[in-house]
Every structure is written in C-alpha cells, then in structure tokens.
Amino acid sequence: MNYFFCYTKRVSDFLQERGFSYITVAQDPKSKKLFSLYLITEELQKALAEYKK
C-alpha cells in the first residue's frame, strides 16, 4: 500500500471536506512537524489534482 504524508493543514482540511479520512495524525521524529497520513487511492489523487488547480 502507498501512503500520502500530508504536512500541510490546508491540504488536509481540503481532503477532509471532500470526505477523506486520515489514518492517523503524528509527528515526524526528525523534523518534529505534524502530518496526517492518508491511503493513496485514485479518488485521493483526483482530489489532490483538483486542489492544485
């Protein structure tokens, strides 16, 4: 399985508004930055492409 590590709250909020649920929210041990983890699906990739527009 492939996972999308989302380090941007704005993108994570966008995905959640589109009905995607994150697997977990965690902190990167090296950078100490928070990220949301999503399972990569075709629908998720389409939503990310829409966000980029």
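Before I show the sheet, one definition: two strands count as paired if DSSP finds at least two bridges between them. Please also keep in mind throughout that what we are looking at is a predicted model.

With that in hand, let me start with strand 3, residues 34–39, which pairs with strand 1 in the antiparallel sense over four bridges. Within that pairing, Phe4 has Tyr38 of strand 3 as its bridge partner. Strand 3 is also joined by four bridges to strand 2, residues 24–27, and these two strands likewise run antiparallel; here Val25 stands opposite Ser36 of strand 3. Six residues lie between the strands in the hairpin of strand 2 and strand 3, and in that hairpin Lys32 takes a positive phi near 70°.

Let me stay with Tyr38 for a moment, and ask which residues it touches once its neighbours within four places in sequence are left aside. The list includes Asn2, Tyr3, Phe4 and Cys6, then Ser12, Leu15 and Gln16, and further on Phe20, Ser21, Tyr22, Ile23 and Leu44.

Tyr38 brings us to the interior, where it belongs to the largest nonpolar core, a set of eight residues that also holds Cys6, Val11, Phe14, Leu15, Leu44, Ala47 and Leu48. The elements that contribute two or more residues to this core are helix 1, residues 9–17, and helix 2, residues 42–52. As a general point, nonpolar side chains in soluble globular proteins tend to be buried together.

Not every nonpolar side chain in this model is tucked away, however, and I would draw your attention to a patch on the surface formed by Met1, Tyr3, Phe5, Tyr7, Ile23 and Leu39, which together have about 640 Å² of accessible area. One of these, Phe5, is found in strand 1, residues 3–6, and is Phe5 exposed or partly exposed? Phe5 counts as partly exposed, because its relative accessibility is 43%, and exposed would require over 50%.

I will finish with the charged side chains, where the structure holds four salt bridges. In helix 1, the side chains of Lys9 and Asp13 meet in one of them, at 3.1 Å from N to O. These two residues are four apart in the helix, so they are separated by about one helical turn. Lys9 is exposed, with a relative accessible area of 60%, whereas Asp13, at 29% relative accessibility, counts as partly exposed.

Helix 2 offers a similar arrangement, in that Lys46 forms a salt bridge with Glu42, the closest N and O atoms being 3.5 Å apart. Both residues lie in helix 2, and they too are four residues apart, about one turn of the helix. Lys46 counts as exposed at 54% relative accessibility, and Glu42 is exposed as well, with a relative accessible area of 52%.

Salt bridges that share partners also join Glu17, Arg18 and Glu50 into one network. Within it, Glu17 forms a salt bridge with Arg18, and their closest N and O atoms are 3.8 Å apart. Glu17 is exposed, with a relative accessible area of 62%, while Arg18 counts as partly exposed at 40% relative accessibility.

Conventions: Residues numbered from 1 in each chain as written. Predicted model: local features only at pLDDT ≥ 70, side-chain atom pairs only at ≥ 80, totals over all residues. Heavy atoms only, no water. Patch = residues over 30% accessible without salt bridge, like charges linked within 9 Å, V, L, I, M, F, W, Y side chains within 5 Å. Areas by Shrake-Rupley, 256 points an atom, 1.4 Å probe, with all protein chains shown as cover. Buried < 20%, exposed > 50% of the residue type's maximum accessible area, 1.4 Å probe, protein only. Core = buried A, V, L, I, M, F, W, Y, C linked by side-chain atoms within 4.5 Å. Contact = heavy atoms within 4.5 Å.
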